[in-house]
Amino acid sequence: MTKINFKNNLTKVLITWMMVFIIGMISGILRRYFKANSYYLIIYELVMLTSMYLLNKKVLKVKIYFSPTERSWRLIPINWLTIILFLQTLLLVIHPDENLLLEIAIFVFAGFTEEYTFRGLL
């Protein structure tokens with residue numbers, strides 16, 4: 001039986017992509033049986049983030065940097081979409097509607113999970 005070498009960067013990338021794919025497939029199957037609403041999205045993002053965190057802690061052991069590598073003012077042109085989503089969330093807080101929880105869930109959970117997985121791990 002061959003032993004998997006977790007020190008190989010290609011192996012780490014493939015394992016991470018497999019985990020994202022498997023969680024996405026299971027989520028897609030479960031979405032058929034449960035009504036897809038903001039609570040479903042929050043649960044999905046929490047499961048994805050927890051899975052990626054545990055994968056990193058137990059197997060990959062990749063150091064994740066949360067501090068920017070550039071000066072803050074130089075990141076503004078790069079993060080224009082984030083700024084627009086933040087302003088949209090602020091507008092929804094001022095003028096709430098039925099999608100407020102979904103917007104906040106997308107803004108908070110999806111962004112952090114995607115950044116952790118794709119910028120941090122991969």
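The following paragraphs go through the fold, the core and the surface of this predicted model.

The protein chain has 5 helices and 0 strands, and its elements, read from the N terminus, run α-α-α-α-α. Among contacts in the chain with a separation of 6 or more, 71% join residues 24 or more positions apart. Of the 122 residues in the protein chain, 23% are buried.

The largest nonpolar core has 11 residues. Its members are Ile-15, Val-20, Ile-23, Met-48, Leu-49, Met-52, Leu-55, Leu-60, Ile-64, Tyr-116 and Leu-121. Three elements give two or more residues to this core: helix H1 (9–33), helix H2 (38–60) and helix H5 (100–121). The largest share, 5 residues, comes from H2. Within this core, Leu-49 can serve as an example of the packing. When residues up to four places away in sequence are left out, Leu-49 touches Phe-112, Thr-113 and Tyr-116. Of these partners, Tyr-116 is itself a member of the core.

The surface comes next. The protein chain exposes about 9,700 Å², and 68% of that area is supplied by carbon and sulfur atoms. A nonpolar surface patch of about 990 Å² is formed by Met-18, Phe-21, Ile-22, Met-25, Ile-26, Ile-29, Leu-30, Tyr-33 and Phe-34. One of these residues, Tyr-33, lies in helix H1, the helix that also gives two or more residues to the core. Tyr-33 has a relative accessible area of 66%; it therefore counts as exposed, since the cut-off for that class is over 50%.

Conventions. Residues numbered from 1 in each chain as written. Predicted model: local features only at pLDDT ≥ 70, side-chain atom pairs only at ≥ 80, totals over all residues. Heavy atoms only, no water. Core = buried A, V, L, I, M, F, W, Y, C linked by side-chain atoms within 4.5 Å. Buried < 20%, exposed > 50% of the residue type's maximum accessible area, 1.4 Å probe, protein only. Helix = DSSP H or I, 4+ residues; strand = E, 2+ residues; numbered from the N terminus. Contact = heavy atoms within 4.5 Å. Areas by Shrake-Rupley, 256 points an atom, 1.4 Å probe, with all protein chains shown as cover. Patch = residues over 30% accessible without salt bridge, like charges linked within 9 Å, V, L, I, M, F, W, Y side chains within 5 Å. Salt bridge = Lys/Arg side-chain N within 4 Å of Asp/Glu carboxyl O.
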